[in-house]
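Let's take a walk through this model together, going from one chain to the next. Please keep the structure open beside you as you read.

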Amino acid sequence: MIDGVGVHPGGGRGEPALRRMLAWLGPRSRSGDIRPVAAWVLALAFLFTYAGLQPGTLSRGQIGIICADTLSLAALGLGQGIVILTAGVDLSVGGVLSLGTAIAATHFSNGGTTLEWSLLILLIGVSAGAINGWLVGHLGLQPFIVTLATWSIFDGIALYVLPIQGGSVPKGFSNWINNSLIGIPDAAWVLIVMVVVWLWFKRTRVARQIFAVGSDREGARIAGVHMTRTLMTAYMISGFCAGLAALFYAMLTASGDPTAGDGLILPSVAAVVIGGTSLFGGQGGFVGTVAGALTLTLLGDVIFAFNLASYWTVFADGLLLIVAVLIGGGLQSLQARRVRRHA
Amino acid sequence: MSALRATVIRNRPVLFAYVLLIVLGAVGEIVASGFLRINHVDELIISGAFIALVGVGQTFVILTGGVDLSIPWVLNSSAVLLTLWSHGSSGRMAWLTPILLLGGAAVGAVNGIGVAYLRIPPIIMTLGMSTIVEGGLLLYTNGGSGSNAPNAAVYLATHRWGPFPVIASVWIGVLVVATVVLSATPFGRRLYATGQNSRVATFAGVRVTTVRVAVYIVSGVAASLAGIVLAGYVGSSYLGMGDPYLFASVAAVAIGGASILGGSGNFVGTTAGALSLAVLAGLLPILGLQPAALQIVYGCVILGAVTLSSAKVGARRRAE
Amino acid sequence: MTLGATADRNDEILVARGVSKAFAGVHALENVDFGVRAGEVHALLGENGAGKSTLVKVIAGVLRPDSGAVFFRDEPFAPRDPDASSRAGVGVVFQELPLVPDLTVMENIFFNREPLTRLGTVSRRGLRVASEQLFDRLGLKGIRPDQLVRDLSVAARQFVAIAKVLADDPAIVVLDEATSALGPSEVSWLLERARQLADEGKGIVFISHRLAEVQEVSDRITVLRNGTSVGTWPLAETTSDGLVSAMLGRKLEQLYPPRKAEPGPTVSVSVRGLVSGSRLRGVDLDLHEGEILGICGLEGQGQLELFLALYGIARSHGTITVGGVVRHIHSPRDAIRAGIGLALVPEDRKNEGILPSLSVRENLSLPSLGRLDHFGLIRREAEQEFVSPVIRDLQIGRQDPEQVVGGLSGGNQQKVVVGKFLLTGAKVLLLYDLTRGVDVGTKAEIFRMIEELAADGYSFLFYSSDLAELVNVPHRVAVMFDGRVVRQFAKGEGTQEELVAAMVGGTDSASGAASAGGTRPLVSEVDVEVAP
């Protein structure tokens with residue numbers, strides 16, 4: 001009787017195979033979002049460029065090193081991405097990371113055990129997230145101003161713990177990242193585990209609610225999303241991931257830096273955006289973010305391989321973020337237009 | 001008469017900022033007598049002036065509902081390039097100053113175009129620009145920094161006419177100009193309209209994009225000016241000297257009673273905010289706290305100010 | 001249209017007793033009683049702003065009543081939010097659809113109730129099966145469960161929202177203006193479904209301001225007016241006349257002011273071949289000096305696009321001539337320079353014309369700031385002088401230029417919106433649904449203002465979602481369909497029935513009646529009442 005009520009935009013049974021394939025590859029892309037695919041193409045392009053410049057890049061050892069280099073950024077990106085899915089942003093990951101490395105460098109080999117202090121770092125991250133999430137969710141404050149403030153607070157605490165760059169972590173701790181298990185580097189394992197956890201997480205109810213909040217806050221509220229609880233979850237995950245990133249960072253550098261986080265905020269957002277997550281919330285996922293993090297890591301390597309000053313990396317990071325936002329927005333509106341034309 | 005009353009009512013948060021300033025000053029005097037003696041107040045004014053200079057740009061930007069995170073590195077570039085190119089010569093500074101201010105304006109213009117025309121969220125655009133400017137500076141200087149600051153800059157930043165710091169006159173000048181621009185010019189009116197509701201402003205024929213680009217230019221110029229003066233205060237330049245001013249500028253605006261969502265607030269409030277932060281910074285060593293505590297204070301101040309203002313908004317909304 | 005068969009007719013399972021709710025001192029609901037029985041369709045009828053949606057929000061827990069209470073199955077009923085309300089057995093299909101665009105249809109329908117796998121993840125297979133079963137049960141075809149809601153049309157979203165509520169199998173279903181976005185065949189499907197659900201023993205609350213639909217489907221009718229309940233009657237005891245006067249009340253006599261003047265011969269705006277996007281496909285219009293030209297049409301036939309194009313917000317091609325001069329209008333600035341003003345009340349009802357925390361003076365002068373520029377400054381006295389005639393002539397608030405606009409009544413806020421364009425020297429004003437959600441008294445005030453300005457030579461393009469207004473306010477009505485003007489009616493020519501027929505595409509009146517449901521022309525009734 002009401003045939004024709006539902007409009008068939010872009011698809012139905014006649015969906016082209018390519019689009020269906022892209023839809024399958026993309027993290028959340030039943031309408032065939034190509035942004036994460038583009039991110040992986042970009043990451044692989046960088047990988048092969050680097051391999052062309054530096055023979056031996058594709059060896060197991062080198063891949064392990066690349067993965068290790070990517071790890072803290074990928075962890076930051078996992079959390080940042082989840083916050084960005086709620087249409088927010090978490091600048092405080094910088095402060096948490098700084099504080100985490102400061103604690104690692106001063107306390108791991110200094111009384112207490114590595115495990116206990118590691119758990120404390122993760123707990124600090126989660127608490128930071130709880131504060132952010134409560135202020136954003138319950139009081140309805142703007143995410144950027146809240147997390148800007150907590151970034152400053154945690155940076156300050158980090159400077160208390162470790163006034164200047166230095167300190168050290170136990171050998172066993174920093175070596176772990178270079179080990180491998182059944183032939184696969186530990187760092188690669190961690191990346192794989194993070195992706196698997198994400199693939200599980202994004203199918204849970206909590207994740208649906210996070211997507212919903214970012215997609216249409218009012219609609220989500222009426223549909224029964226508990227705003228405070230959902231946003232607190234998102235920011236707490238982000239804080240946890242920042243703590244995790246701090247551990248990886250300390251492993252990699254074998255020391256602490258109370259300002260390390262400041263330089264990683266932009267890359268964390270950039271990794272997410274390059275990975276195809278919309279800054280306006282509701283669309284995206286970690287699969288693309290990993291590609292974004294890899295791209296940014298390899299960018300530094302390629303710059304190094306070209307014998308360019310390492311400062312080019314800083315410059316290129318900023319440029320890449322803005323370009324990625326523009327291209328991402330462009331792709332999205334292109335797609336929207338295609339869907340509308342079908343409608 | 002009614003106009004005056006309306007002005008007072010609208011500026012209640014600004015008055016609150018001055019009350020806070022007086023309270024902080026009193027606390028200082030109680031904790032350490034002599035805190036408010038002329039010499040020390042001068043110092044507070046000088047350190048507050050740098051915050052006020054970056055704060056004027058941040059005020060303009062936040063009034064339109066944006067935020068400028070590129071201030072620290074614009075400031076830093078300006079300071080480093082001044083010391084690098086002038087070799088300490090005030091004569092060179094005479095022609096370098098307009099160039100540096102123009103550079104700040106250029107960065108601001110790019111920010112503004114990104115935000116207004118390309119519709120990139122302000123945090124992302126200015127964060128990206130900050131990194132680009134940082135990278136550019138590092139590449140140019142190869143990680144080094146300049147030599148001595150020109151005497152003229154030192155004079156501007158540290159000299160006093162009797163008890164009156166020279167830089168205070170700069171501050172007063174900026175205060176007067178910013179206040180007139182915001183409260184009595186068509187541009188100021190359009191700026192508030194843009195911040196309150198950019199669609200309504202567009203429908204009323206305001207070129208919202210132009211307004212947006214303009215405020216980021218103001219911010220770039222202000223940050224650049226602050227860099228020149230700060231180089232004079234320090235006597236030289238170093239990388240990272242701008243870092244504290246990101247939090248400080250936002251905190252000053254927030255204490256000054258401006259809404260972080262845009263559309264309300266003014267530079268008179270930010271002035272009180274900048275002074276309050278300077279007083280707070282002065283109080284810390286007296287209380288036996290490390291400089292790192294300043295960062296924590298900035299963060300808490302921002303959180304406190306936005307929470308208070310949102311509580312007020314919430315109460316008003318409930319009342320309606 | 002027989003009554004439901006089984007249920008006990010006197011047993012009201014959902015009851016609102018003495019509910020009052022005020023916003024900023026204005027009563028949206030005042031001591032309202034309302035009850036729904038199992039097995040009946042109970043219509044809630046009333047004008048925009050009568051309090052229908054407020055009552056629904058109180059029932060669903062979105063708003064808390066200031067006094068009074070709601071009872072469900074004799075228990076006090078105060079759900080935390082609509083979701084809790086739905087789980088408890090009172091499902092509401094809101095006007096503002098609670099759908100999340102980036103989730104799929106099935107994820108939306110079973111939001112927060114998703115079947116889970118052993119890993120704690122949402123089972124997509126389970127979702128698909130459940131939604132297919134649900135669609136089958138409802139006879140809903142053409143919507144795939146795994147489509148993103150973002151990609152659906154408004155009508156399809158409406159059906160998803162209904163399916164979402166029915167998925168909880170509630171005892172009470174509230175349909176708040178569910179038909180407003182639907183076409184005729186979809187409306188009749190929905191009405192049948194409502195009937196069927198009532199026959200299954202559910203209580204249906206059907207909210208609409210379309211009299212015909214209400215008469216077609218309901219068993220009982222409650223009429224709300226200005227936040228109070230006028231009364232509840234079984235359908236059989238009502239007449240169209242009676243319902244209309246119950247809805248409009250005594251205010252009706254003053255609602256539409258007497259005509260002051262007829263339009264002059266001069267054409268003030270002439271539009272030829274105006275095209276914009278896919279919605280506006282070639283409009284020709286002539287607007288005369290002192291004329292109020294009504295624009296009417298179903299949702300999405302290009303009315304909004306016409307207004308946006310004329311005001312330079314939507315990109316357009318075609319010729320626009322204002323006062324005999326061809327104008328290229330690419331921005332609101334161009335439009336203002338050409339002497340055009342726009343007052344737009346958008347779909348979400350937030351006012352697009354005022355800056356609430358600024359004063360009347362600052363709002364009024366905003367589009368004319370260039371003219372007040374005195375060596376870069378605005379002189380306060382000059383500005384006061386500039387705005388005061390409009391404040392006086394339109395009688396804005398208590399005529400204090402420093403009053404904050406947010407504190408004014410709705411009608412006064414609309415006067416500010418119109419007033420600021422009078423100050424730009426605009427002679428052509430585009431009014432888009434200016435009276436939506438406005439109470440009757442304010443409406444009368446707005447209409448009087450329009451009438452007076454028209455008599456002074458101002459020209460108006462007047463769109464309203466309320467047909468009765470379109471018949472009574474303008475000198476002439478142009479009907480839009482599919483992006484074009486398909487018919488024009490001179491004053492007195494168009495009955496509501498004819499308008500509706502033209503609106504659905506100029507087909508014969510039989511198909512028009514599908515949406516009008518064989519209504520008697522509301523217009524003539526209104527005219528009759530006004531006549532003495």
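**Where chains A and B meet**

A good place to begin is the contact between two chains: 36 residues of chain B touch 33 residues of chain A. Three helices of chain B, α6 (122-141), α12 (244-255) and α14 (292-319), each supply at least two residues of the side that touches chain A. The largest share of that side comes from α6(B), with 13 residues. Sorted by class, the side of chain B that touches chain A holds 23 nonpolar, 12 polar and 1 charged residues. Please bear in mind throughout that this is a predicted model.

Let us look at the partner on the other side. Chain A has 14 helices and 2 strands. Of its 343 residues, 59% are buried. Among contacts in chain A between residues at least 6 apart in sequence, 79% join residues at least 24 apart.

Back in chain B, there is a helix pair to pick out. Helix α5 (residues 90-116) and helix α11 (residues 208-234) of chain B have axes that come within 7 Å and cross at roughly 145°. The crossing of α5(B) and α11(B) is right-handed. In the contact of these two helices there are 16 nonpolar, 10 polar and 1 charged residues.

**A six-stranded sheet in chain C**

Now turn to chain C, where an open sheet of 6 strands runs in the order β16-β19-β20-β13-β21-β22, with mixed pairing. The edges are taken by β16 (340-344) and β22 (484-490) of chain C; each has a single partner strand, so one side of each is left without a neighbour in the sheet. On average, and with direction ignored, neighbouring strands of this sheet are turned by 20° against each other.

In general, the strands of a sheet pair through backbone hydrogen bonds, in either a parallel or an antiparallel way. You can find both kinds here. Strand β19 (residues 428-432) and strand β20 (residues 459-463) of chain C pair in the parallel sense over 5 bridges, and Leu430(C) has Leu461(C) in β20(C) as its bridge partner. By contrast, β21(C) and β22(C) pair in the antiparallel sense over 6 bridges. There, Val479(C) is partnered by Arg487(C) in β22(C). The hairpin of β21(C) and β22(C) has 2 residues between the strands, and Asp482(C) takes a positive phi near 50°.

Which helices accompany this sheet? Helix α15 (residues 410-423) of chain C lies across β16 and β19 of chain C and runs at about 165° to β16(C). Helix α18 (residues 496-503) of chain C packs on the sheet as well, touching β13 (292-296), β21 (476-481) and β22 of chain C, with its direction at about 30° to that of β21(C).

The edge strand β16 (340-344) of chain C also leads us to the interior. The largest nonpolar core has 396 residues, and Ile340(C) is one of those with the most contacts inside it, alongside others including Val54(B), Val229(B) and Phe307(C). Neighbours within four places in sequence aside, Ile340(C) is in contact with Leu310(C), Tyr311(C), Val322(C), Ala335(C), Ala426(C), Val428(C) and Leu430(C). You have met Leu430(C) already, as the bridge partner of Leu461(C).

**Earlier in chain C**

Moving back along the sequence of chain C, strand β1 (residues 12-23) and strand β4 (residues 67-72) pair in the antiparallel sense over 5 bridges. Val15(C) stands opposite Phe71(C) in β4(C). On from there, 2 bridges join β4(C) to strand β5 (residues 75-76) of chain C, again antiparallel, and Phe72(C) stands opposite Glu75(C). The two strands β4(C) and β5(C) form a hairpin with 2 residues between them, and Arg73(C) in the turn has a positive phi of about 50°.

What about the loop between β2 (26-37) and β3 (41-45) of chain C? Glu40(C) is found there. Is Glu40(C) buried or exposed? It has 25 C-beta neighbours inside 10 Å, and therefore counts as buried. From Glu40(C) to Gly370(C) is 330 residues in sequence and 61 Å in space, C-alpha to C-alpha.

Our last stop is helix α1 (residues 52-60) of chain C: 9 of its 9 residues are buried, so this helix is largely enclosed by the rest of the structure. Among them are Lys52(C) and Lys57(C), together with Leu55(C), Val56(C) and Ile59(C). Gly61(C), with a positive phi near 85°, follows α1(C).

Terms used. Residues numbered from 1 in each chain as written. Chains lettered and ligands numbered in written order. Predicted model: local features only at pLDDT ≥ 70, side-chain atom pairs only at ≥ 80, totals over all residues. Contact = placed C-beta atoms within 7 Å. Helix = DSSP H or I, 4+ residues; strand = E, 2+ residues; numbered from the N terminus. Nonpolar A, V, L, I, M, F, W, Y, C, P; charged D, E, K, R; others polar. Pairing = 2+ DSSP bridges. Axes fitted to C-alpha atoms, helices over the stretch in contact; angles between N-to-C directions. Left-handed = near helix turned anticlockwise from the far one by under 90°. Buried ≥ 20, exposed ≤ 12 C-beta atoms within 10 Å, placed from the backbone. Core = buried A, V, L, I, M, F, W, Y, C linked by C-beta atoms within 7 Å.
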